[in-house]
Every structure is written in C-alpha cells, then in structure tokens.
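Reader: Please take me through one part of this model in close detail. I would like the sheet with the most strands first, and then how the rest is arranged around that picture.

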Amino acid sequence: MIRMTLAFFVFALVLCAFIILRPGRDAPRAQAPDMTQDVEVTRAVMDPLLTPPAAPETVVVAEPVAAPVVAAPAMRITPQIATIDSSMQATTAAVLAGLGVQTGAEPLPTPATDEMRDATVAILSNITARTGAPAPEITQRPTLDAIVVQALQEGQSDDYIDALINAAAATGDLAVPEILVTSDGRVDTAVLLADIVAQATVATGGQINSSPAIDLDDSAGVEVRIVQRADETVQARFYTVQAGDSLGAIAIKFFGDVNRYTTIFEANRGTLSSPDRIRTGQRLVIPNEA
Amino acid sequence: MMRYAAAIGLVLGIFTADMALAQDVRITPARAQTSFEINGQTFTIARNQDTSDTLTGEFARTSRECPPFCITPMIVAEGVATLGELEVIRFLEQDAVAGAGLLIDSRLPDWFVQGTIPGAVNVPFQTLDMANPYRDHILRALGAVKLADGTLDFGQARALLLFSNGAWSDQSPRAIRSLLDAGYPASKLSHYRGGMQSWRALGLTVAIPRNEG
C-alpha cells in the first residue's frame, strides 16, 4: 500500500514538473513577439519626445516633430521667425538686469543651442588638433535681451527698436519668445517693451494696471455671445486675430497681462499648435476670468 | 669579478628571455605593434602582453537594456563599409597619416576621456544631428566646402571611420545616418562596429586623451 502511494506520489510529482516546465519552456517563445512589440511602441513614443541633450543616447529632435504641424496652415506665407522656449518673463528680467534693475525673476536659462555651440567649439578644436587645418569660426548669435538693452541704453525710439529687432529676426539669426510672433510673421516689440516698462515699475515698487488694455466692446475682432442655459447666463468671448496681433498682445488686450497668454493658448489647443502660429482671421476662444 | 659578471649576465638573460616571451601577443604574425604620426603626434598600438588578462567593469557586461542598447545591424547604410580591427589600424596608418581621413569616436565626451582608440577625435553623435545649428561648422572642419548657394560640397571632405562602444551602441550608426542626411558621401564613411568593447577585448592599446573633450 505504502509502495503504491509512494509510486503515485512520484508520478504526480513528475507530472507536476512536466506541467511547470513545459509552459516555462514555451513562454519565452510565446512572449517574444509581444516583447518586440513593446519595444517598438516605446521607441515610437520616445523618439519624438524632447529629451534633454544631457541624457546619453538621446537627442533633441525638435525639427522633425514641428515639420508636419507647420504644414497645416497653408495660408502662412510669411517668413518663419525663430523662437526660443524661454518665457517673456525671463527675457524681460534679462533686459532689466542688463539695465541694472533687479526683478527677482528667474534668470534667462541658457538655451540648448548654446550648449551645442560650446560642444561644437570643443569639437572644432579637437579636429584642428588632429588635422592641422584651421577650423571655421563660430560667430556669437545675438540675443534679444542684449539687442534691447543696447538700444535702450542708446536712447533709441520704439520704432527704431522695432525695425532693428525685425531686421535681425528676418535673417533667422535672432530667436524670440513664441508669444511675440505676430500673425503676419513679425516680432511684436510693442508687447515686449510694454512688459519691460511694467516689470520695471513693479521692481521699483510701483503698481501696474492689470485690467484689460482697451474697451473690449469697441474693438475690432471681439465677439461676445450671451448663452442662456437653464439656470445661468454664460458669456462666451471670441476674438478674430487681426493682422499684426501676437498672442502676447491678445493676452494684454483681454487680461492686461502678457503672461496670461497661457490661458488663451490652452483654450485653443485644438486649433493652435504653438503660440507663435496664430494666423490673421483665426477665431480664438477667450476664456472668462477665472 | 667574473662571478658578478656571470650573475648579471644570468639576470639579463632571464630578463631578455622574459621580454621575448612578452612579444607573444602580437597583432598579426608579421607585426607585434605599429607606430604612426598624425599631424606631429606619434601614436603606438600594441596588445596587452598579460595572457591572463580579462575584461572587467563596463566592457565585461553582456546584457544591457534594449532599448536603447540594442544589437545593431552589420551594415549601417548602403555604401558604408563595416571594418574590423586590422582595417582600423590600416586606416590610421594610411588615410589618417596622410591627412585624408579621420578616426571619429562618436561617443559622449565623458566616455571618450575614459579611453579611446589612439588617434581618434571625439565628435559626439548628437553634434552631427540636424538639431545642432552649428553642424555646418563641423562639416566644414571635416573638409566640406560651402558653396555660394549655401550648400556644402563634399568633394574634398575627409574619409571618416566612426565607432562607439560596440555592437550594442547606436551612437556611431546614428552619427553615420546624420552625416548621410547632411550629404556626406557614403563612399567616404566607414564603421568599426566592434567599437571600444571589441578593441578592449583584444587587449589593443587604449589612449587616455589629454586636454581634449
């Protein structure tokens, strides 16, 4: 009896081992396609992402991502202005710092292209050391804040600064914050200069008027609709972009504060791919004050 | 006196015998080592004579996460030759010495400074990406000429041999793809796929770069 039980037990054990081992052997084969699929998905998601240049084995691939988005507005015929990711606040703070006014705002972050510039300079000297041939010189790209600081120190007029910055931006040498790009492909220097004055006022202890800049009822492109619902009246506001408008200018128009552009941008994500891509005639939803 | 001389002779004999033994790890049967001069700087490539030596640390690893460290194909792109160690050495002795070619370490500077192939120049892969607004400067330093219409002419550009950490590194394939995108002729590009891992696995001389990064 004991022998029978023992034999049965051994048989059960061997059977168990078989059951356990078989799927174990098949599993990697069965899972293999799944794993490669996972890999594909992660790669596809990862590749277009803006990853910091510091991370090894990854590269910032801004251009290829932007390209298909640009194709949509066919009516945009104006030259494209180069933009930088830094905020208006940072640019303004840099200008004021250049003029000797401390705002306490975050300093202008060094753009990624400057890291690239440093890296390139180092590489050029490496190559030169090996080839003995003179390397091509890299000229420093002008920065928006440096141009504005110099012009203001020289006492230049707003019109002069506008012409100067737009001439530099037209060559593609000057990058500006996205919200300063107007619907007709220029740089809205009026918004920049207004923000500099406003921030300087704050920095020196003054008050800024953050109410809407103009009378909204009497302005071109503004459309206010009253929507009656069951128990409430909702006011919906729209704005048709006029020639020469920048998103910064529209933010000042409705909120009195250039940095409120994010409110408008977020509400129009569906039709506005990037803050520098507003087009004349485009209809924007203007959210109500929170 | 004679006894001393004999003792010295014996010691020297043992020493030279040891030296002869030390030549046992050669590059090929015909040559133990090679020396060459690139732009006034002399480089020597030999092999580690310690026959018990093994790889340790990073280059002894077998299983890196994939992605991103996936096995790369033998051929990066059509027309771009894949080379082994002897061809790398010949490239250095012939093309690089004549000023017609450059051996390029495509890795990031922090890898480069830990040791590279003697004679290599560090051009990290991401500086050849089109995202680098200064890429044309590098291409011009490599011998491309900017034409009046803004395009680059690669007629006089140097032959480039690129490598990175090994068959699991996409850095040199990526650099090669970027160069091809920029218009660099495939016939002027070649790839040492084995990279630093194969180079070190054969005990070939590893150079620690000075004042370069």
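Author:
**The parallel sheet of chain B and its surroundings**

Chain B has 213 residues, and 36% of them are buried. This is a predicted model, so every value here is computed from predicted coordinates. Chain B holds six helices and nine strands. Take its contacts between residues at least 6 apart in sequence: 66% of them join residues at least 24 apart.

Now the sheet. Five strands of chain B make up an open sheet, in the order β3-β9-β8-β4-β5. Their pairing is parallel. The edges are β3(B), residues 81-83, and β5(B), residues 121-122. Each has a single partner strand, so one side of each is left without a neighbour in the sheet.

Look at one edge. Strand β9(B) covers residues 189-192 and runs parallel to β3(B). Three bridges join the two strands. One of the residues to find here is B:A81, whose bridge partner in β9(B) is B:S190.

A helix lies across this sheet. It is α2(B), residues 85-96. The strands under it are β3(B), β4(B) at 101-105, β8(B) at 159-163, and β9(B). Against β4(B), helix α2(B) runs at about 135°.

Next, the nonpolar packing. The largest nonpolar core has 45 residues. Six of them touch the most other members: B:L103, B:I104, B:I138, B:L142, B:L160 and B:L161. Which elements give two or more residues to this core? From chain B they are α2, β4, α4 (135-141), β8, α5 (171-181), β9 and α6 (195-201). Chain A adds one element to that list, α4(A) at 112-131. The core therefore draws on both chains.

B:L142 shows this at the level of a residue. Leave aside residues up to four places away in sequence. B:L142 then touches B:L102, B:A157, B:R158 and B:L160, and also A:I127 of the other chain.

A second core is separate from this one and has 37 residues. Among them are A:A94, A:Y239, A:V241 and A:F255.

One more piece of chain B before moving on. Strands β1(B), residues 34-38, and β2(B), residues 41-45, run antiparallel and are joined by five bridges. B:E37 has B:T42 as its bridge partner in β2(B). The two strands form a hairpin with two residues between them. In that hairpin, B:N39 takes a positive phi near 50°.

Now chain A, for contrast in its layout. It has nine helices and five strands. Along the sequence the pattern reads α-α-β-α-α-α-α-β-α-β-β-α-α-β. Of its 290 residues, 25% count as buried. Among contacts between residues at least 6 apart in sequence, 61% join residues at least 24 apart.

Chain A has an open sheet of three strands, ordered β3-β4-β5, with antiparallel pairing. Its edge strands are β3(A), residues 222-228, and β5(A), each pairing on one side only. Neighbouring strands are turned by 30° against each other on average, with direction ignored.

Strand β4(A), residues 233-240, pairs with β5(A) over four bridges. A:F238 has A:V285 as its bridge partner in β5(A). Strand β5(A), residues 283-286, has two faces. A:L284 and A:I286 form the covered face, while A:R283 and A:V285 form the uncovered one.

The loop between α9(A), residues 261-267, and β5(A) contains A:R279. Is A:R279 buried or exposed? It is in between: A:R279 has 17 other C-beta atoms within 10 Å, and so counts as partly exposed. A:R279 and A:S246 lie 33 residues apart in sequence. In space they are 9.2 Å apart, C-alpha to C-alpha.

Finally, a helix pair of chain A. Helix α3(A) spans residues 88-98 and helix α5(A) spans 144-153. Their axes come within 9 Å and cross at roughly 40°. The two helices are therefore oblique to each other. Their crossing is right-handed. On the α3(A) side, the residues that meet α5(A) are A:T91, A:A94, A:V95 and A:G98. On the α5(A) side they are A:L144, A:D145, A:V148 and A:V149. A:A94 links this pair to the earlier part of the picture: A:A94 is also a member of the second core.

Note on methods: Residues are numbered from 1 along each chain as its sequence is written. Chains are lettered from A and ligands numbered from 1 in the order in which they are written. This is a predicted model: local features need pLDDT of at least 70, side-chain atom pairs count only at pLDDT 80 or more; totals for chains, interfaces and linings use all residues. Two strands pair if DSSP finds at least two bridges between them. Two residues are in contact if their C-beta atoms, placed from the backbone, lie within 7 Å. Axes are lines fitted to C-alpha atoms, for helices over the stretch in contact, and angles run from 0 to 180 degrees between N-to-C directions. A nonpolar core is a set of buried Ala, Val, Leu, Ile, Met, Phe, Trp, Tyr and Cys residues joined through C-beta atoms within 7 Å. A residue is buried if 20 or more other C-beta atoms lie within 10 Å of its own, exposed if 12 or fewer, and partly exposed in between; C-beta atoms are placed from the backbone. Angles under 35 degrees count as roughly parallel, over 145 as roughly antiparallel, 65 to 115 as roughly perpendicular and the rest as oblique. A crossing is left-handed if the near helix is turned anticlockwise from the far one by less than a right angle, and right-handed if clockwise.
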